[in-house]
Amino acid sequence: MADMVRISSFVDSYIKDDKGLLKDIYYKAISDGVPVIRKASREFLKTQLLIKKPESILEIGAAVGYSSLFMSQYISVNSHITTIELDEKRAAEAEDNIKKLKKEKVIKVIKGDALEVISKLPDASYDFLFVDVAKGQYINYYEDVIRIAKPGAVIISDNILQDGQILESHYTVEKRNRTIHDRMREYLYKITHDERVETSILSVADGMAVTIKK
Ligand SMILES: C[S@@+](CC[C@H](N)C(=O)[O-])C[C@H]1O[C@@H](n2cnc3c(N)ncnc32)[C@H](O)[C@@H]1O
């Protein structure tokens, strides 16, 4: 069996680059060290959006707006995206990037702590949610995510495999990463055992979970 790195680079070799300004935004983010969605993950998001055809999308973790701008290419004219970012500089850059691509009417950036922001969002208001925030926090958002998701909503959680570290036992993980590791394991258990949802865990890129609210 070929190793995962070779499999990933093989898969990535089939993925087309973005065009124009979006491509520039992606490569600038990479060169600035901003954590943006991996290529195979964004392709997976694309097909999920095309299948689900959501009207209202919530992203937790905007960074500089790349994934929101990417998603905006695959939603219908009446759909909209709300994205949340804690880091003020990144949120401002996300707004600039959204303006550059003339997507202000489609994508709204909320600056603030996602935990606080989502606790104030109305029940059953989103039909597609993309969770791409600090990995140790996914479990903290879960109850609110379920509350604000419409029945039938698709919830995608990114980077759930933590570059393979999730496989290791608690004691073999470096001490400083143990809390994140344990919380992600707790999250994976929750989304696969909660009766209110159905979940598939996929090894796309750094791992993605697709959860459907019943
Ligand atoms: C992996 S990046 C998001 C990448 C983005 N989705 C993309 O692919 O273009 C995660 C982002 O979450 C932000 N973040 C971390 N904790 C947060 C919180 N409590 N509330 C809102 N944003 C947070 C970080 O500042 C970071 O920019």
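**Exercise 1. Sort the shell around the ligand into nonpolar, polar and charged residues.**

*Solution.* The residues of this shell divide into 10 nonpolar, 4 polar and 6 charged. Keep in mind that you're working with a predicted model. Altogether, 20 residues surround the ligand. The closest ones to look up are Ile-37, Gly-61, Ser-67, Glu-85 and Asp-132.

**Exercise 2. Find polar atoms of the protein that pair up with the ligand, then work out how much of the ligand is covered.**

*Solution.* Start with the backbone: a polar backbone atom of Ile-37 is 2.7 Å from an oxygen atom of the ligand. Now try side chains. Glu-85 has a side-chain N or O atom 2.6 Å from an oxygen atom of the ligand. With Asp-113, the partner is a nitrogen atom of the ligand, 3.0 Å from an N or O atom in the side chain. Next, the cover: on its own, the ligand has 600 Å² of accessible area, and the protein covers 90% of that. And where does the ligand sit? In the largest pocket.

**Exercise 3. Decide whether Ser-56 is buried or exposed, and find a partner for its side chain.**

*Solution.* First, place the residue: Ser-56 lies in strand 1, which covers residues 56–60. Then check the relative accessible area, which is 4% for Ser-56. Buried means under 20%, so Ser-56 is buried. Last, the partner: a polar atom of the Ser-56 side chain lies 2.9 Å from the backbone oxygen of Ser-125.

**Exercise 4. Explain why helix 7 is called largely enclosed.**

*Solution.* Helix 7 runs over residues 138–148. Go through it and pick out the buried residues: Tyr-138, Ile-139, Tyr-141, Tyr-142, Asp-144, Val-145, Ile-146 and Ile-148. That's 8 of the 11 residues, so the helix is largely enclosed by the rest of the structure.

**Exercise 5. Look at Lys-53 and Lys-102: what is the sign of phi, and is each residue buried or exposed?**

*Solution.* Take Lys-53 to begin with. You'll find it in the loop between helix 3 (39–52) and strand 1. Its phi is positive, about 50°, although Lys-53 is not a glycine. With a relative accessible area of 64%, Lys-53 is exposed.

Now for Lys-102, in the loop between helix 5 (88–100) and strand 3 (107–111). Again, phi is positive, at about 55°, and Lys-102 isn't a glycine either. Its relative accessible area is 70%; exposed means over 50%, so Lys-102 is exposed.

Terms used
Residues numbered from 1 in each chain as written. Predicted model: local features only at pLDDT ≥ 70, side-chain atom pairs only at ≥ 80, totals over all residues. Heavy atoms only, no water. Near = heavy atom within 4 Å. Polar contact = N/O pair within 3.5 Å; in protein donor to acceptor, adjacent residues only side chain to side chain. Areas by Shrake-Rupley, 256 points an atom, 1.4 Å probe, with all protein chains shown as cover. 1 Å grid on protein atoms, 1.4 Å probe; cavity = no way out; pocket = protein on both sides within 12 Å on 5 of 7 lines; lining within 4 Å. Sits in = over half its atoms within 2 Å of the grid points. Nonpolar A, V, L, I, M, F, W, Y, C, P; charged D, E, K, R; others polar. Helix = DSSP H or I, 4+ residues; strand = E, 2+ residues; numbered from the N terminus. Buried < 20%, exposed > 50% of the residue type's maximum accessible area, 1.4 Å probe, protein only.
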